[in-house]
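Me: Pick one part of this model and take me through it slowly, with whatever surrounds it. I'd like one connected story rather than a list.

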Amino acid sequence: MVFSFDSNGLKKINNTYGHSAVDKLLRLAGICIDYSFGKYGKVYRYGGDEFIALIYVDSRKINLILDNFKKNCGRKQGI
């Protein structure tokens with residue numbers, strides 16, 4: 001299965017908080033995606049603010065993985 005992730009709102013964050021805040025946000029996004037999907041396959045960053053996860057699981061497990069992803073990323077707050 002293939003999942004694609006695109007970070008939104010980076011221009012506003014850059015204009016408000018600066019380039020280092022965008023870098024931190026992208027690192028946190030990568031960590032969150034890798035933590036949630038990496039044990040099932042591979043996670044890559046491409047195009048600057050986009051990520052892709054290629055995972056190898058039974059389709060019955062997808063909802064559990066997505067629920068865990070939402071919980072994991074929901075814990076990451078702030079810049």
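Reply: One definition before anything else: a residue counts as buried under 20% relative accessible area, as exposed over 50%, and as partly exposed in between. Keep in mind too that this is a predicted model.

Let's make the disulfide our part. A search of the whole structure turns up one, formed by C32 and C73, with their sulfur atoms 1.8 Å apart. The torsion about the S-S bond is -115°, which makes the link of C32 and C73 left-handed. C32 sits in helix α2 (residues 19-37) and C73 in helix α3 (residues 62-74), so the bond ties together parts that are 41 residues apart in sequence.

How buried or exposed is each end? C32 has 3% relative accessibility, and because the cut-off for buried is under 20%, C32 counts as buried. C73 comes out at 27%, so with the cut-offs above it counts as partly exposed.

To see what the C32 end is attached to, follow its helix. α2 lies across β1, β2 and β3, and runs at about 10° to β3. So what is that sheet like? It is an open sheet of three strands in the order β1-β3-β2, with antiparallel pairing. β1 (2-6) and β2 stand at the edges with a single partner strand each, so one side of each has no neighbour in the sheet. On average, neighbouring strands here are turned by 15° against each other, direction ignored.

For a bit of background, strands of a sheet pair through backbone hydrogen bonds, either parallel or antiparallel. In this sheet, β1 is joined to β3 by five bridges, and V2 has L54 in β3 as its bridge partner. Across to the other edge, six bridges join β2 to β3; there, Y44 stands opposite I52 of β3.

β3 deserves a pause of its own. In a regular strand the side chains alternate between the two faces of the sheet. Here F51, A53 and I55 make up the covered face of β3, while E50, I52 and L54 make up the uncovered one. That puts I52, the residue opposite Y44, on the uncovered face, along with L54, the partner of V2.

Now the turn that leads into β3. β2 and β3 form a hairpin with three residues between them, and G47 in the turn has a positive phi of about 70°. G48 is found in that loop too; with 36% relative accessibility it counts as partly exposed. If you want a reference distance back to the helix region of the chain, G48 and I31 are 17 residues apart in sequence and 15 Å apart in space, C-alpha to C-alpha.

D49 is also in the loop between β2 (41-46) and β3 (50-55), and it's the odd one to look at. What is the charge situation there? D49 is buried yet has no salt bridge, and the nearest side chain of opposite charge, R45, is 7.4 Å away. Leaving out residues up to four places away in sequence, D49 touches F5, D6, S7, L10 and L26.

So where is a salt bridge to be found? The count comes to one, between the side chains of D58 and R60, at 2.7 Å from N to O. D58 counts as partly exposed at 37% relative accessibility, whereas R60 is exposed at 73%.

Stepping back, the chain has three helices and three strands, running β-α-α-β-β-α from the N terminus on. Its C-alpha trace spans about 40 × 25 × 15 Å along the principal axes. Of its 79 residues, 28% count as buried. Among contacts between residues at least 6 apart in sequence, 53% join residues at least 24 apart. Back at our starting point, then: the bond runs from buried C32 to partly exposed C73, and the helix that carries C32 is the one lying across the three strands of the sheet.

Technical notes:
Residues numbered from 1 in each chain as written. Predicted model: local features only at pLDDT ≥ 70, side-chain atom pairs only at ≥ 80, totals over all residues. Heavy atoms only, no water. Disulfide = S-S within 2.5 Å. Helix = DSSP H or I, 4+ residues; strand = E, 2+ residues; numbered from the N terminus. Buried < 20%, exposed > 50% of the residue type's maximum accessible area, 1.4 Å probe, protein only. Lys, Arg positive; Asp, Glu negative; His and termini not counted. Salt bridge = Lys/Arg side-chain N within 4 Å of Asp/Glu carboxyl O. Contact = heavy atoms within 4.5 Å. Pairing = 2+ DSSP bridges. Axes fitted to C-alpha atoms, helices over the stretch in contact; angles between N-to-C directions.
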